[in-house]
Amino acid sequence: MDFIDEMRHFSTHVTKVKDAISTEEATKNALVLPFFKMLGYDIFNPLEFVPEYAADFGVKKDARVDYAIMNEGKPIILIECKSCSESVVKHSGQLFQYFAATPAKFGILTNGITYNFYTDLNESNKMDFEPFLTFDILDIDENVVPELRRFAKSTLDLDAAKSAASELKHMGKIKELLSSLRAEPSDGFVRYVMGEIYDGRATQKAVDEFRPIIKRGFIQYINDAISDTLKSAIRGQSEMSGSTSEPPAAPENEDEDMGEDNSIITLEEIEAFAIAKSILRDMMDVDRLTYQHTKDYMVILFDGNSRKRVCRFWFGRKQKYITTPDESMKPRRHDISSLNDIYKYAEQIREVCDRYI
């Protein structure tokens with residue numbers, strides 16, 4: 001099983017048991033220890049994974065961090081745990097003190113669901129107040145998983161991880177900046193853009209008039225970039241599978257109109273396609289999956305064949321649901337409230353695909 005599939009499987013487990021956990025100790029046993037075991041650590045070897053590691057600081061003696069990952073007798077990663085019923089946001093101060101009292105290079109603060117990763121990028125041997133990486137087991141970001149894997153036992157390289165941490169920190173800041181500028185372009189940013197494309201004077205009135213234009217331009221550029229990337233990928237898949245001559249996907253109901261694709265594919269649909277691939281990855285080559293997009297839905301196809309529909313995603317403003325075809329190709333509807341709910345119907349999706357394999 002691939003690393004990301006293990007994470008997906010564990011995410012399902014956490015979803016099932018988290019509401020039955022009310023203490024920090026239960027969180028450690030049910031969520032935290034299995035997580036680090038999944039990363040390859042021998043959680044029962046005190047030479048490698050030490051519980052209640054002594055991290056005395058200042059006048060406070062007998063201070064102990066919950067776990068320390070060791071290398072040649074020295075702690076390299078400290079792990080501080082809280083109950084899964086608590087937020088980790090307000091608890092970094094304790095880990096900050098432990099970090100300063102040990103030679104550890106990284107600190108992890110977790111409640112068994114959220115994992116915040118810290119290091120000392122701003123000042124040597126002094127833990128940063130902000131994490132350089134955050135991972136949520138209940139909302140897995142596939143872009144974050146490769147960074148998380150750096151901390152698996154088999155691939156751990158402290159120097160490489162430190163270098164990646166610096167890049168992640170700055171990338172995070174850049175994303176925050178671009179997100180804020182997209183939501184509400186600052187006067188300085190609007191004046192910069194106007195200086196590149198506008199011949200008139202950048203008076204305050206002109207700046208205020210330009211601001212909504214720039215906001216729309218931001219959104220249009222992002223949508224165009226996503227659409228172009230996906231269309232290019234789909235063309236490549238079609239060429240590889242020799243499926244360019246296939247007719248459009250037939251509607252699941254005779255009175256259903258496919259319609260023209262006058263809409264731009266959304267980030268939500270992109271993620272749904274990725275989820276479908278992750279569900280099917282262990283039973284087939286997911287490069288055999290393609291999709292067609294209309295103004296109303298996205299349909300996932302097997303080998304680009306319009307008669308081999310795997311599922312359809314319907315993401316309206318008021319409701320979301322997916323459909324999977326039964327053996328007579330009639331749609332079965334499954335309501336969802338979030339993309340993560342797609343995993344609830346993994347068995348149905350796999351059942352459909354198994355018929356085509």
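Q: What counts as a helix or a strand, and how are they numbered?
A: Helices (H or I, at least four residues) and strands (E, at least two) are runs that DSSP assigns, numbered from the N terminus. This chain has 9 helices and 11 strands. One of the helices is H5, which spans residues 158-183 and includes Ile174.

Q: What should I know about the model before I go on?
A: It is predicted, so to speak of a local feature takes pLDDT of at least 70 and side-chain atom pairs count only at pLDDT 80 or more, while totals for chains, interfaces and linings use all residues. Residues are numbered from 1 along each chain as its sequence is written, and side-chain values use heavy atoms, leaving out hydrogens and water.

Q: How much of the chain is buried?
A: Buried means under 20% relative accessible area, exposed means over 50%, and partly exposed is in between (1.4 Å probe, protein chains only). Here, 43% of the 357 residues are buried. The chain's accessible surface (Shrake-Rupley method, 1.4 Å probe; for residues, only the protein chains shown count as cover) comes to about 19700 Å², and carbon and sulfur atoms own 49% of that.

Q: Which residues form a nonpolar patch on the surface?
A: A patch takes residues with over 30% relative accessible area and no salt bridge, joining nonpolar side chains (Val, Leu, Ile, Met, Phe, Trp, Tyr) within 5 Å and like charges within 9 Å. Look for Met171, Ile174 and Leu178, which together offer about 270 Å² of accessible area. Ile174 is partly exposed, at 45% relative accessible area.

Q: In what order do the strands of the open sheet run?
A: Strands of a sheet pair through backbone hydrogen bonds, either parallel or antiparallel. To count as a pair, two strands need at least two bridges found by DSSP. In this model, 6 strands make an open sheet, ordered S1-S2-S3-S4-S5-S6, with mixed pairing. Its edges are S1 (49-54) and S6 (133-136), each of which pairs on one side only. From one strand to the next, the twist averages 25° (axes are lines fitted to C-alpha atoms, for helices over the stretch in contact, and angles run from 0 to 180 degrees between N-to-C directions). At one edge, S5 (residues 114-118) joins S6 in the antiparallel sense over 4 bridges, and Phe117 sits opposite Leu133 in S6.

Q: Is strand S8 mostly covered or mostly open?
A: Mostly covered: 5 of the 5 residues in S8 (residues 298-302) are buried. Met298, Ile300 and Phe302 point one way, Val299 and Leu301 point the other way, and all are buried. S8 pairs with S7 (residues 289-293) in the antiparallel sense over 5 bridges, and a hairpin of 4 residues joins the two. S8 also pairs with S9 (residues 305-315), again antiparallel and over 5 bridges. Met298 is a handy landmark: His293 is its bridge partner from S7, and Phe313 in S9 stands opposite Met298. Between S8 and S9 the hairpin has 2 residues, and Asp303 takes a positive phi near 55°.

Q: How many salt bridges are there in the whole structure?
A: A search finds 23, counting a side-chain nitrogen of Lys or Arg within 4 Å of a carboxyl oxygen of Asp or Glu. Take Glu184 and Arg211, whose closest N and O atoms are 3.7 Å apart. This pair links distant parts of the chain, 27 residues apart: Glu184 is in the loop between H5 and H6 (187-197), and Arg211 is in H7 (residues 204-241). Glu184 is partly exposed at 46%, whereas Arg211 counts as buried at 12%.

Q: Which parts does the salt bridge of Arg332 and Glu351 tie together?
A: Those side chains meet at 3.7 Å, N to O. Arg332 lies in S11 (residues 331-336) and Glu351 in H9 (residues 346-356), so the pair ties together parts 19 residues apart in sequence. Elsewhere, shared partners join Glu24, Glu25, Lys28, Glu52 and Asp66 into one salt-bridge network.

Q: What does Ser92 touch?
A: Contact means heavy atoms within 4.5 Å. Leaving aside residues up to four places away in sequence, Ser92 touches Leu109, Tyr118, Met127 and Phe129. Ser92 lies in H3 (residues 92-100) and counts as buried at 14% relative accessibility. Ser92 and Tyr118 are 26 residues apart in sequence and 9.3 Å apart in space, C-alpha to C-alpha. For the chain, 53% of contacts between residues at least 6 apart in sequence join residues at least 24 apart.
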